[in-house]
Amino acid sequence: MVARTIPVPPFDLVVFGGTGDLARRKLIPALYHRLRAGQMPPEARVIAAARSDMDAEAYRRLAEDALAEFVPKDYLDAAILAQFLGTLDYVRLDATADRGWDALDRKLTEGDRISAFYLSVAPRFFAPICERLSKLGALRRNARIVVEKPLGRDLASARSLNAQLSAVFAEEQIYRIDHYLGKETVQNLMALRFANALFEPLWNARHVDHVQITVAESVGIEGRGDYYDRNGAMRDMVQNHLMQLLCLTAMEPPSAYCADAVRDEKLKVLKSLEPIDLGTGAEQVVRGQYRGNGAHSSALEDLGNQHSRTESFVAMKIAISNWRWSGTPFYVRTGKRLRARLSEIAVFFRPAPHSIFPAAAGKPGRNVLSIRLQPHEGITLGMTIKDPGPGGMRLTGAELDMTFAEGLGRPDLRMPDAYERLVMDVIRGDQTLFMRGDEVEAAWAWIDPAITEWEERQDARPSPYDSGSSGPEDALMLLHRDGRRWREIAA
């Protein structure tokens, strides 16, 4: 069964860096799936722009190979594939020179048709591409610009990047992608909180003991050594992905489900974060670096720098200074080469104030609401129930499980990739799931002092941890000091 979809208007999508890894792994498969679902109109055109010496037919072969590699065979239909390949075009273009820009201009459809320009390139090319698009007159059309992270590496560079984009595009035309916000479960977090009367009255410091946000990866740095050594887990994951998940979990109800209303509330959370206490930073921030073993290399080997102090793991205790969350800590962690691949938001509710049951019945368990982003997207709620059978009252734990496909009675339901939703939202002109410029700057403003302090301390080194573990021992102590424990990292 294919989920019901609403088609978007005809569009031209220009993908700068259209031969790159992101285009092959994510964008081409995402567009194919949207055409298959009936959402991408047959009049749509996808124009790849890159420096590779090829023509449109060669690019179609590249796209066909990408689909064969990244789309399950059950979803490849010969007729739809032929139709999709017919939407593809290619122009050889240099972002920093004159070559190819006139050819691109000729390929763009005239009139008010939507034009979306996806910059799947390094940030140093953002400004020259925007300037040349402006000179072409492409911005007279119904245009949007899409940019991928990294959106700066500190507050100063983020401000500079925002200035470069806003010199050519209005803020309502700029789409800053964080693919985590396109995941089905992230949006279900919004529905869970604001479409049900059950949870919102409990969603505060009176009833929530603490929140854990985990983004764990089982893979290592793997071929990204140069990039990762310049950035590390703090810049690569915490400043964007984890901060966005924290904001959606902690924000106040927006006045409406629309771009600026949602982003206004996320910004308030970022501005309410208590500064990281650099004097006691070891108790608030833990950085780690995975060791090698017989099966895997170490982080230092993967980075190609035996003296690197770049972290592959970060755990933090974060406090939010507002009426809703004062006194309720948010613990976040992310790392590479951990025990399993897992992305999860876990909300730990406070225990019942008094147990009426005898000691022999056992202690009531903790109610934990788990919103799992990957793998196996879904939501579970830990409950305490009576253990079935005779023999008196015995308490045991159980989970109310909403695995989406089963819960909706659609076992054949395919969960769309985040990029499928986000690319179509760009065409719709819906910025709700995209970051606003002031959000990006506020996140950098909060995290910059901790990064600067770490980099200036020459004696500071990440805590080592074993590959395939849950991270360094110091991260366990981060919660143990508060009488709490991390949830197990398990697939």
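## The core around Met316

Which residues does Met316 touch, not counting residues up to four places away in sequence? In this predicted model, the list is Met234, Val238, Ile276, Gln284, Val285, Phe330, Tyr331, Val332, Trp446 and Leu478. You can follow these contacts by starting at Met316 and looking up each partner in turn.

Met316 belongs to the largest nonpolar core, a group of 144 residues. Together with Phe16, Phe84, Tyr118, Leu246 and Leu369, Met316 is among the residues that touch the most other members of this core. Helix H8, which runs over residues 225-250, gives the most to the core, with twelve residues.

## Two helices that cross

Two packed helices are described by the angle between their axes and the distance between the axes. Here, helix H1 (residues 21-36) packs with helix H2 (residues 56-70) at an angle of about 90 degrees, and their axes are 9 Å apart. An angle of 65 to 115 degrees counts as roughly perpendicular, so H1 and H2 are roughly perpendicular to each other.

Which residues in H1 meet H2? They are Arg24, Arg25, Ile28, Pro29 and Tyr32. On the H2 side, the residues they meet are Tyr59, Leu62, Ala63, Ala66, Leu67, Glu69 and Phe70. Sorted by class, this contact of H1 with H2 has nine nonpolar and three charged residues, and no polar ones.

## Looking for disulfides

A disulfide is a covalent bond between the sulfur atoms of two cysteines. How many disulfides does a search of the whole structure find? The search finds zero.

Cys258 is one cysteine to look at: it is in no disulfide, and the nearest cysteine sulfur, that of Cys247, is 17 Å away. A pair of sulfur atoms has to be within 2.5 Å to count as a disulfide, so at 17 Å the sulfur atoms of Cys258 and Cys247 do not qualify. Cys258 is partly exposed, with 34% relative accessibility. Cys130, by contrast, is buried, and its relative accessible area is 1%.

## Bends in the backbone

Most residues other than glycine have a negative phi, and most peptide bonds are trans. With that in mind, take a look at three places in the chain.

The peptide bond from Lys149 to Pro150 is cis, and its omega is near 5 degrees. Pro150 sits in the loop between strand S5 (142-147) and helix H6 (155-166). Gln374 and Pro375 are also joined by a cis peptide bond, this one with omega of about -15 degrees. The loop that holds Pro375 lies between S12 and strand S13 (378-386). For the third place, go to Arg337, where phi is near 55 degrees, a positive value in a residue other than glycine. Arg337 is in the loop between strand S10 (330-335) and S11. Is Arg337 buried or exposed? With a relative accessible area of 5%, Arg337 is buried.

## Residues in loops

Gly362 belongs to the loop between strand S11 (342-349) and strand S12 (368-374). Its relative accessible area is 28%, so Gly362 counts as partly exposed. Along the chain, Gly362 and Leu395 are 33 residues apart, yet their C-alpha atoms are separated by 5.7 Å.

Gln173 lies in another loop, between H6 and strand S6 (174-176). With a relative accessible area of 18%, Gln173 is buried. Not counting residues up to four places away in sequence, Gln173 touches Ala143, Arg144, Ile145 and Gln431. The C-alpha atoms of Gln173 and Leu31 are separated by 21 Å, and these two residues are 142 residues apart along the chain.

## One strand residue and one helix residue

Ala398 is part of strand S14, residues 395-403. At 27% relative accessibility, Ala398 is partly exposed. Leaving aside neighbours within four places in sequence, the contacts of Ala398 are Leu381, Gly382, Met383 and Ile385. Ala398 and Pro29 are 369 residues apart in sequence, and their C-alpha atoms are 38 Å apart in space.

Ala156 is in helix H6. Is Ala156 buried or exposed? Ala156 is exposed, with a relative accessible area of 54%. From Ala156 to Asn367 there are 42 Å in space, C-alpha to C-alpha, and the two are 211 residues apart in sequence.

Technical notes: Residues are numbered from 1 along each chain as its sequence is written. This is a predicted model: local features need pLDDT of at least 70, side-chain atom pairs count only at pLDDT 80 or more; totals for chains, interfaces and linings use all residues. Side-chain values use heavy atoms; hydrogens and water are left out. Axes are lines fitted to C-alpha atoms, for helices over the stretch in contact, and angles run from 0 to 180 degrees between N-to-C directions. Helices (H or I, at least four residues) and strands (E, at least two) are DSSP runs, numbered from the N terminus. Angles under 35 degrees count as roughly parallel, over 145 as roughly antiparallel, 65 to 115 as roughly perpendicular and the rest as oblique. Contact means heavy atoms within 4.5 Å. Ala, Val, Leu, Ile, Met, Phe, Trp, Tyr, Cys and Pro count as nonpolar, Asp, Glu, Lys and Arg as charged, and the others, Gly among them, as polar. Buried means under 20% relative accessible area, exposed over 50%, partly exposed in between (1.4 Å probe, protein chains only). A nonpolar core is a set of buried Ala, Val, Leu, Ile, Met, Phe, Trp, Tyr and Cys residues joined through side-chain atoms within 4.5 Å.
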